[in-house]
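Q: I am new to this structure and should like to learn how its features are read. May we go through them one at a time?

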Amino acid sequence: MKIVACNSNLPLAEKVAAELGMPLCNATVRRFADMEIFVEIHENVRGEDVFVIQSTCSPTNDNLMELLIMLDALRRGSARRITAVMPYFGYARQDRKSGPRTPISAKLVANILVEAGANRVLTMDLHAMQIQGFFDIPVDNLYAAPLFTRDIRGRMKLEGEPRLSYEAPPMDIPGGAHNLMIVSPDVGGVVRARQMAQRLNVDLAIIDKRRERAGVSEVMNVIGDVRGRYCILVDDIVDSGGSLCNAAEALMKHGAAAVEAYVTHGVLTGSAVSRVGQSPLGMLTLTDSIVATDAVRAATNIRQISTAALISQAMQAISDESSVSSLFD
């Protein structure tokens, strides 16, 4: 196995390599004066099982091109198998025709990745599960839910539960752990939230909202009794933060004791960090699928947990031709 890192999330790539006990492949990804991307691999990869770690987050197009050019370089270097490890899969929100004469960009990106040389894809919490069907190669979609449930249990410090291997702010739930409630911020995320609620054996509530236009949402109703409950919003992506913060405000208006959020991918564009800081959210927990900005690191109510162990275990399973689905539990 060889691990190659592009530039979008080097800290995560280094953690994954450390988990696997091997160095990152010696490779260069740089720009010419006119910003063309140039890739050079300084090691022999002929016949190797190569994993390329690259989140296609902002700047999305630059990071996608880096990945495509790296895949082409490895294919031309006669790598035996190339796996694109994409902790965050950009363009996943464009998974269907949203109106007349609009693209399905997620399908286009899938086609380009295969054409560039990817033999399989490893990603996490795809925005829509049907994107796996856009590929004619194997796609392994990991879930952050096991990480989130372990973190929540560790923060609650339940009797008999294993302690977390990292420092985490304690979760003081009025009335005890049975007063916890998982909340889906929209109807589309109910399956994800229900799985979390089942893992924790707690109740589920749903936010019913109406989206007037892209990036703007209006909360209409809260389905479920949240009075006096410690509510945890669960979602896959937080972008502008508007929907999440509106949901938190709606829960507090309906009598929730406190609100937190667990979100896999912290895109956090524009003034999202300050919006989260001014919201009723006591804590927003993200994964490190997207590298934290300075604003995120400085925020008092935003934290990240690492996916390195999960991704490294999946990579090892792929390399060993063993089960990846065992990591879903």
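A: Let us begin with a definition: a salt bridge is a side-chain nitrogen of Lys or Arg within 4 Å of a carboxyl oxygen of Asp or Glu. Please keep in mind that this is a predicted model.

Q: How many salt bridges does a search of the whole structure find?

A: The search finds 17 salt bridges. One of them joins the side chains of Glu-43 and Lys-2, with 2.9 Å from N to O. This pair links distant parts of the chain, for Glu-43 sits in the loop between E3 and E4 and Lys-2 in strand E1, 41 residues apart.

Q: Are Glu-43 and Lys-2 buried or exposed?

A: Buried means under 20% relative accessible area, exposed over 50%, and partly exposed in between. Glu-43 has a relative accessible area of 30%, so it is partly exposed. Lys-2 has 19% and is therefore buried.

Q: Which residue forms a salt bridge with Asp-236, and where do the two partners lie?

A: The partner of Asp-236 is Arg-192, and the closest N and O atoms are 3.8 Å apart. Asp-236 belongs to strand E11 and Arg-192 to helix H5 (residues 190-200), with their positions 44 residues apart in the chain. Both Asp-236 and Arg-192 are buried.

Q: Where do the partners Asp-203 and Arg-229 lie?

A: The side chains of Asp-203 and Arg-229 meet in a salt bridge of 3.0 Å, N to O. Asp-203 is in strand E9 (residues 203-213), while Arg-229 is in the loop between strand E10 (216-223) and E11, 26 residues apart. Asp-203 is partly exposed at 41%, whereas Arg-229 is buried at 12%. Elsewhere, salt bridges that share partners join Asp-49, Arg-81 and Glu-321 into one network.

Q: How should a helix such as H2 be read?

A: An α-helix has 3.6 residues a turn, so residues three or four places apart point the same way. In this structure, H2 covers residues 60-76 and has 17 residues; from its first C-alpha to its last it reaches 24 Å, close to the 24 Å expected at 1.5 Å a residue. Its buried residues are Asn-63, Leu-64, Glu-66, Leu-67, Leu-68, Met-70, Leu-71 and Leu-74. These pack against several elements, including strand E1 (2-5), strand E5 (81-86) and helix H3 (105-116). After H2 comes Ser-78, whose phi is positive, near 70°.

Q: Which residues does UniProt list for "binding site"?

A: An unreviewed UniProt entry lists Arg-211, Asp-235, Asp-239, Ser-240, Gly-241, Gly-242 and Ser-243. Of these, Asp-235 lies in strand E11 (residues 230-238) and counts as buried at 11% relative accessibility. Leaving out residues up to four places away in sequence, Asp-235 touches Pro-185, Asp-186, Arg-192, Tyr-262, Val-263 and Thr-264. Gly-242 lies in helix H6 (residues 242-253) and is buried, with a relative accessible area of 13%.

Q: Into which domains is the protein divided, and how many residues are in contact between them?

A: The division gives domain 1 (2-142 + 309-327) and domain 2 (144-298). Their C-alpha centres lie 28 Å apart. In the interface, 17 residues of domain 1 are in contact with 15 residues of domain 2. The area buried between the two domains is about 1,300 Å², of which carbon and sulfur atoms give 56%. Tyr-88, Arg-93 and Asp-125 supply 39% of the area that domain 1 buries against domain 2, more than any other three residues. The rule finds 2 salt bridges across this interface.

Key. Residues are numbered from 1 along each chain as its sequence is written. This is a predicted model: local features need pLDDT of at least 70, side-chain atom pairs count only at pLDDT 80 or more; totals for chains, interfaces and linings use all residues. Side-chain values use heavy atoms; hydrogens and water are left out. Helices (H or I, at least four residues) and strands (E, at least two) are DSSP runs, numbered from the N terminus. The expected span of a helix is 1.5 Å times one less than its number of residues. Buried means under 20% relative accessible area, exposed over 50%, partly exposed in between (1.4 Å probe, protein chains only). Contact means heavy atoms within 4.5 Å. UniProt positions are given in the numbering used here, feature names are shortened, and annotations may be inferred rather than shown by experiment. Domain bounds come from an automatic or database domain assignment. Buried area is the accessible area (1.4 Å probe) that two parts lose on being put together, summed over both.
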